[in-house]
Amino acid sequence: MILEVKDLSKKFTQGGRTIDVIDRLNLNMNAGETLAILGPSGSGKTTLLSLLAGLDSPTSGDITIAGQSITKLNEKELTSFRGENLGIIFQQFYLFSHLTALENVALPLEIINDKNAYKKAREALKLVGLSDREDHFPKEMSGGENQRVAFARAFVVEPKILLADEPSGSLDTKTGHQVMDLLFDLVKRKNTTLVLVTHNEELASRCQKQLRFT
Ligand SMILES: Nc1ncnc2c1ncn2[C@@H]1O[C@H](COP(=O)(O)OP(=O)(O)OP(=O)(O)O)[C@@H](O)[C@H]1O
Ligand SMILES: [Mg+2]
């Protein structure tokens, strides 16, 4: 089991009111499995991904990734755990505007002191069809190109689990399809476990499992 979620709950308290966003969720995933998370706005999809990424901590329950209980790690341990095990494609995790496409992709490898960071980053950009955009800054690329750079950056560490929140949300239908085809192709090729948040039923049906929030 690559991912085990046990009795996971998350409550938010705001102005004296408590909201039960996630209530005793249980979930297991094997390596290479794909899961879509569906549900209306405000139902807790992004909250769950943030918990899985260790960017937020649960009110109760436990998350185990590759045998490691992430709820027991401190900030520093979490940062390196994330760097080595997780690929994160979140809207709020966009590319760094002052770094080129190549530098953005190389960054997660540099953080874990990979000596071949730039070589691997070049290969990853090639895989997403952007070899000729290596030296472009994010503002010098289209939305779909930026999204592909974000995919390359998420895949470059060969993560065990890829967490993606509405990865085609801001793209037109055709470009959205292209980057999703690319995503599923990369997932299959690298046997990556995928947790994908989407409002799109067709996209969700491309995943082996579906989890619906209400
Ligand atoms: N830090 C926070 N403090 C208080 N409430 C929060 C916090 N973060 C999220 N919430 C609330 O938790 C609920 C779930 O939010 P979440 O972002 O997980 O929804 P979502 O399913 O991703 O929605 P969308 O489809 O709109 O992205 C919302 O009602 C939101 O207002
Ligand atoms: Mg969300």
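Guide: Two residues are in contact if their C-beta atoms, placed from the backbone, lie within 7 Å. Keep that idea at hand as we look around this predicted model.

Visitor: Let me try it on one residue. Which residues is Ser168 in contact with, leaving aside its neighbours within four places in sequence?

Guide: Those contacts are Gly176, Val179 and Met180. Ser168 itself sits in the loop between S7 and H6.

Visitor: Is Ser168 buried or exposed?

Guide: To decide, we count the other C-beta atoms around a residue: 20 or more within 10 Å make it buried. Ser168 has 22 within that distance, so it is buried. Sequence and space can also be compared for a pair: Ser168 and Gln91 are 77 residues apart along the chain, and their C-alpha atoms are 10.0 Å apart in space.

Visitor: Now the whole chain, please. How many helices and strands does the protein chain have?

Guide: There are seven helices and nine strands. The radius of gyration is 17 Å, close to the 17 Å that the globule rule gives for 214 residues, so the chain is as compact as a globular protein of that length. Its C-alpha trace spans about 50 × 40 × 35 Å along the principal axes, and 36% of the 214 residues count as buried. Contacts tell a story here too: of those with a separation of 6 or more, 69% join residues 24 or more positions apart.

Visitor: How do I read a sheet? In what order do the strands of the open four-stranded sheet come?

Guide: Read across the sheet, naming each strand beside its neighbour. Here the order is S2-S1-S4-S5, with antiparallel pairing. S2 and S5 are at the edges with a single partner strand each, so one side of each has no neighbour in the sheet. S1 and S2 pair over nine bridges in the antiparallel sense; for example, Glu4 has Asn28 in S2 as its bridge partner.

Visitor: And a helix? Which residues of H1 are buried?

Guide: They are Lys45, Leu48, Leu49, Leu51 and Leu52. These residues cover an arc of only 160° around the axis, which puts them on the same side of H1. Among the elements that cover them are S1, S2, S3, S4, S7 and S8. Just after the helix comes Gly54, whose phi is positive, near 70°.

Visitor: Why would a positive phi catch my eye?

Guide: Because most residues other than glycine have a negative phi. Ala66 is not a glycine, yet its phi is positive, about 50°. Ala66 lies in the loop between S4 and S5, and it counts as partly exposed because it has 17 C-beta neighbours inside 10 Å. Glu166 is another non-glycine with a positive phi, about 45°. Glu166 is in the loop between S7 and H6 and is partly exposed, with 18 other C-beta atoms within 10 Å.

Visitor: Last stop, the ligand. Which residues are around ligand 1?

Guide: Look for Phe12, Gln14, Ile19, Val21, Gly39, Ser41, Gly42, Ser43, Gly44, Lys45, Thr46 and Thr47. S1, S2 and H1 are the elements that give two or more residues to this shell.

Visitor: Which element gives the most to the shell?

Guide: That is H1, with three residues. As for character, the shell divides into three nonpolar residues, eight polar and one charged. Notice Lys45, which is around ligand 1 and is also one of the buried residues of H1.

Technical notes. Residues are numbered from 1 along each chain as its sequence is written. Chains are lettered from A and ligands numbered from 1 in the order in which they are written. This is a predicted model: local features need pLDDT of at least 70, side-chain atom pairs count only at pLDDT 80 or more; totals for chains, interfaces and linings use all residues. A residue is near a molecule or strand if its C-beta atom, placed from the backbone, lies within 6 Å of it. Ala, Val, Leu, Ile, Met, Phe, Trp, Tyr, Cys and Pro count as nonpolar, Asp, Glu, Lys and Arg as charged, and the others, Gly among them, as polar. Two strands pair if DSSP finds at least two bridges between them. A residue is buried if 20 or more other C-beta atoms lie within 10 Å of its own, exposed if 12 or fewer, and partly exposed in between; C-beta atoms are placed from the backbone. The arc is that of the directions from the helix axis to the C-beta atoms. The radius of gyration is taken over C-alpha atoms; the globule rule is 2.2 Å times the number of residues to the power 0.38.
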